[in-house]
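Biologist: Could you walk me through some of the labels people put on models like this one? I'd like to hear the reasoning behind each.

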Amino acid sequence: MSDYIQNNIQEFRNPSWEEIARPNQLMPQGDWRIWLILAGRGFGKTRAAAESVRKLVMSGKYKRIALVANTIQEAKQVMVEGESGILSISNKNDKLIYNHTKRLLTWENGAIATLYGAENYEQLRGPQFDAAWVDEFAKFAYSRETFDQLSLSLRLGKDPKMILTTTPRPLQFLKDLIARKDVITVRGSSLENKENLSPTFLQQLEYLKGTRLEAQEIYAEIVEDKQNTLWGWADIENCYKSPPHYLDNIIIAVDPAVTSKESSDETGIIVAGKDGFGKAYVLEDASANLPPDKWAYRVVELYRKYRAKKVVIETNAGGELLTNLLKSIDNNIILKPVYAHKSKIERASPIAILYQKKMIFHAYQFRELEMQMVTYEPGQKSPDRLDAMVWAMTDLFFSKVNIENDPVAFLL
């Protein structure tokens, strides 16, 4: 076989990439230098980057491109020859030739792309580029060193650009990148592309529910156990259990937000119940960023739906106004105002112990709540969902009210 392989690709493309891509797969508009696509497996990171490289090349403004993967073999198999690689998404009018042996892609307009492996990042010291695509850099043994060398090589043209695609890992370098002002970060989950994923793959995701692997590989979250948190990922992974047909005590717990702007905290709204054997269950997380009248209606609807005993509501920020608001919607609702005298950690610690003792379970996966549980540390911004959950469990386990003669609340 000749070293030079003319790409075996389609005559023309219809529809165009811009017509079928999701908005977060399209190259950013305006003036930018680094585009970071931080997304789960199967999101379409490779296709998005390959299409963007093609667009830069076909514009005629970018002539020297670096394609960097963990190894040269991965660069060939994924970035160039893969199902969503550059060869696959190009058409014959591109006049693209691939030299497998020399690791080169050449276009008729004079553009050249060269493949590199991060294990030999020192090779990036000599060349100069005006564009680069780095794939799955979070698994590089020398991710920071590779990035630094490549950054110094991007010195051609008026507007050099770098595209970074990766599924995340808990690396300080990755967190540093996200924090940089010259980095545009796009996040996405695998499920955004489920129409193009194998049904078998989607079925396998059921077995990952609630695990750190799901959070990292599917939802592209940077997952790590912190030393100062009360919950670890093992506590979450072991807390899923279906509740019995009925529960002896169901309550709604509310941690109200002070304001309802887009930048405001959410109002934490948690439904929880306890069975006759002393086990408690989180049944629903209905937290949302809503104005007071809207979340109050939501709370009343949940109160009726679950035939709850009462609504436990923190009144530090609103006091009598909040209880009056709920009463104005349903005067028969039973309210229990609570006031936070202790710190969040002091209030949450006994609840964390109950999780470890397998006394508290989640009826379903509650991703936002669980992320707050495993990431909250003292001094951080108030975690709304976590606060509401702690109020609910505190009432269920440590309330002084005798509920033995109360009627059973049935789950709907």
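What follows is a chat about a few helix packings, a sheet and one glutamine in this predicted model.

Biologist: Let's start with helix 10 and helix 11. Why are they called oblique to each other?

Modeller: The axes of helix 10 (residues 292-305) and helix 11 (residues 320-329) cross at roughly 60° and come within 9 Å. Roughly perpendicular would take 65 to 115 degrees, and roughly parallel would take under 35. Helix 10 and helix 11 are therefore oblique. Their crossing is right-handed.

Biologist: Which residues of helix 11 make that contact?

Modeller: On the helix 11 side, L322, L325, L326 and I329. Helix 10 brings P292, D293, W295, A296, Y297, V299, V300 and R304. By class, that contact has 10 nonpolar residues, no polar ones and 2 charged ones.

Biologist: And what makes helix 12 and helix 14 roughly perpendicular?

Modeller: Helix 12 (residues 344-356) and helix 14 have axes that cross at roughly 65°, and the class runs from 65 to 115 degrees. So the pair counts as roughly perpendicular. The axes come within 10 Å, and this crossing is left-handed. Among the residues in contact are I351 and L354 of helix 12, plus W391 and F397 of helix 14. The classes here are 11 nonpolar, 1 polar and 3 charged.

Biologist: Now the sheet. What is its strand order, and which strands are at the edge?

Modeller: The open sheet has 6 strands in the order 15-14-11-12-13-16, with mixed pairing. Strand 15 (335-338) and strand 16 (360-362) are the edge strands, as each pairs on one side only. From one strand to the next, the twist averages 25°.

Biologist: How do you know that strand 11 and strand 14 count as paired?

Modeller: Pairing needs at least two bridges, and strand 11 (residues 249-255) and strand 14 (residues 310-314) have 4, in the parallel sense. As an example, V254 stands opposite I313 in strand 14.

Biologist: Where does helix 14 come in?

Modeller: Helix 14 (residues 384-398) packs on the sheet. It touches strand 11, strand 12, strand 13, strand 14, strand 15 and strand 16, and its direction makes about 30° with that of strand 12.

Biologist: One last thing: why does Q149 count as buried?

Modeller: Its relative accessibility is 12%, and buried means under 20%, so Q149 counts as buried. Q149 lies in helix 5 (residues 143-153). Leaving out residues up to four places away in sequence, Q149 touches Y121, L124 and R125.

Methods. Residues are numbered from 1 along each chain as its sequence is written. This is a predicted model: local features need pLDDT of at least 70, side-chain atom pairs count only at pLDDT 80 or more; totals for chains, interfaces and linings use all residues. Side-chain values use heavy atoms; hydrogens and water are left out. Axes are lines fitted to C-alpha atoms, for helices over the stretch in contact, and angles run from 0 to 180 degrees between N-to-C directions. Helices (H or I, at least four residues) and strands (E, at least two) are DSSP runs, numbered from the N terminus. Angles under 35 degrees count as roughly parallel, over 145 as roughly antiparallel, 65 to 115 as roughly perpendicular and the rest as oblique. A crossing is left-handed if the near helix is turned anticlockwise from the far one by less than a right angle, and right-handed if clockwise. Contact means heavy atoms within 4.5 Å. Ala, Val, Leu, Ile, Met, Phe, Trp, Tyr, Cys and Pro count as nonpolar, Asp, Glu, Lys and Arg as charged, and the others, Gly among them, as polar. Buried means under 20% relative accessible area, exposed over 50%, partly exposed in between (1.4 Å probe, protein chains only).
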